[in-house]
Amino acid sequence: MRHNYKNLKIWQLGIEITNDISDILWEFPKHERYDLSSQLSRCSVSIPSNIAEGSSRTDKSFSHFIDISLGSSFELITQLIVAKHRKYINETTFNQLETK
């Protein structure tokens, strides 16, 4: 069974998270542009991208792509913990993103 990824709530939330990350990266120091900022951007984009790619596959393959997306979300949270420790984001922003 194929899924229309644009109708999947999990994909829509992934896009929202990606946009939220993009918005907060404007506030990061310029020296992080190729390090933490780049990592945050890439793994946040990976979440909805893998959901979209997997939606064109069989249910078994789709499940694998969902697992990859979940891994990217864990990676994102880890990087947000680092950003919070470095005081690039505050506790409120971190909690909002972690909850999503």
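Is Glu-91 buried, exposed or partly exposed? Select it and take a look: Glu-91 is partly exposed, with a relative accessible area of 44%. Keep in mind as you click around that this is a predicted model.

**Stop 1: around Lys-84**

With Glu-91 still selected, add Lys-84. The two form a salt bridge, with the closest N and O atoms 3.5 Å apart. Lys-84 comes out as partly exposed too, at 26% relative accessibility. Now bring up Phe-94: Lys-84 lies over the face of that ring, 4.5 Å from the ring centre.

**Stop 2: the aromatic pairs**

Next, show the aromatic side chains. Searching the whole structure turns up 2 aromatic pairs. Start with Tyr-5 and Trp-11: the ring centres are 5.2 Å apart and the planes sit at 75°, so this pair is edge-to-face. Tyr-5 is partly exposed at 28% relative accessibility, while Trp-11 counts as buried at 17%.

Then jump to Phe-28 and Tyr-88. Here the centres are 5.1 Å apart and the planes are at 55°, so the pair is tilted. Colour by helix and you'll see that this pair links distant parts of the chain: Phe-28 is in the loop between helix 1 (9–25) and helix 2 (36–54), and Tyr-88 is in the loop between helix 3 (59–85) and helix 4 (91–99), 60 residues apart. Phe-28 is buried, with 6% relative accessibility, and Tyr-88 counts as buried as well, at 19%.

**Stop 3: Ile-17**

Head over to helix 1 and pick Ile-17. It is buried, at 9% relative accessible area. Which residues does Ile-17 contact, leaving aside its neighbours within four places in sequence? Select Leu-76 and Lys-100 to see them. If you want a distance to check, try Ile-17 to Leu-80: their C-alpha atoms are separated by 12 Å, and the two are 63 residues apart along the chain.

**Stop 4: salt bridges**

Stay on Lys-100 and add Glu-16. They form a salt bridge, the closest N and O atoms being 2.7 Å apart. This is another link between distant parts of the chain, with Lys-100 in the segment after helix 4 and Glu-16 in helix 1, 84 residues apart. Lys-100 is partly exposed at 35% relative accessibility, and Glu-16 is partly exposed at 37%. Add Asp-20 to the selection, and you have a network of salt bridges linking Glu-16, Asp-20 and Lys-100.

Finish at Arg-57 and Glu-53, whose side chains meet in a salt bridge (2.9 Å, N to O). Arg-57 is partly exposed at 32% relative accessible area, and so is Glu-53 at 37%. The whole model has 5 salt bridges.

Key: Residues numbered from 1 in each chain as written. Predicted model: local features only at pLDDT ≥ 70, side-chain atom pairs only at ≥ 80, totals over all residues. Heavy atoms only, no water. Phe/Tyr/Trp six-rings, centres within 6.5 Å; stacked < 30°, edge-to-face > 60°. Buried < 20%, exposed > 50% of the residue type's maximum accessible area, 1.4 Å probe, protein only. Helix = DSSP H or I, 4+ residues; strand = E, 2+ residues; numbered from the N terminus. Lys NZ or Arg CZ within 6 Å of the ring centre and 35° of its normal. Contact = heavy atoms within 4.5 Å. Salt bridge = Lys/Arg side-chain N within 4 Å of Asp/Glu carboxyl O.
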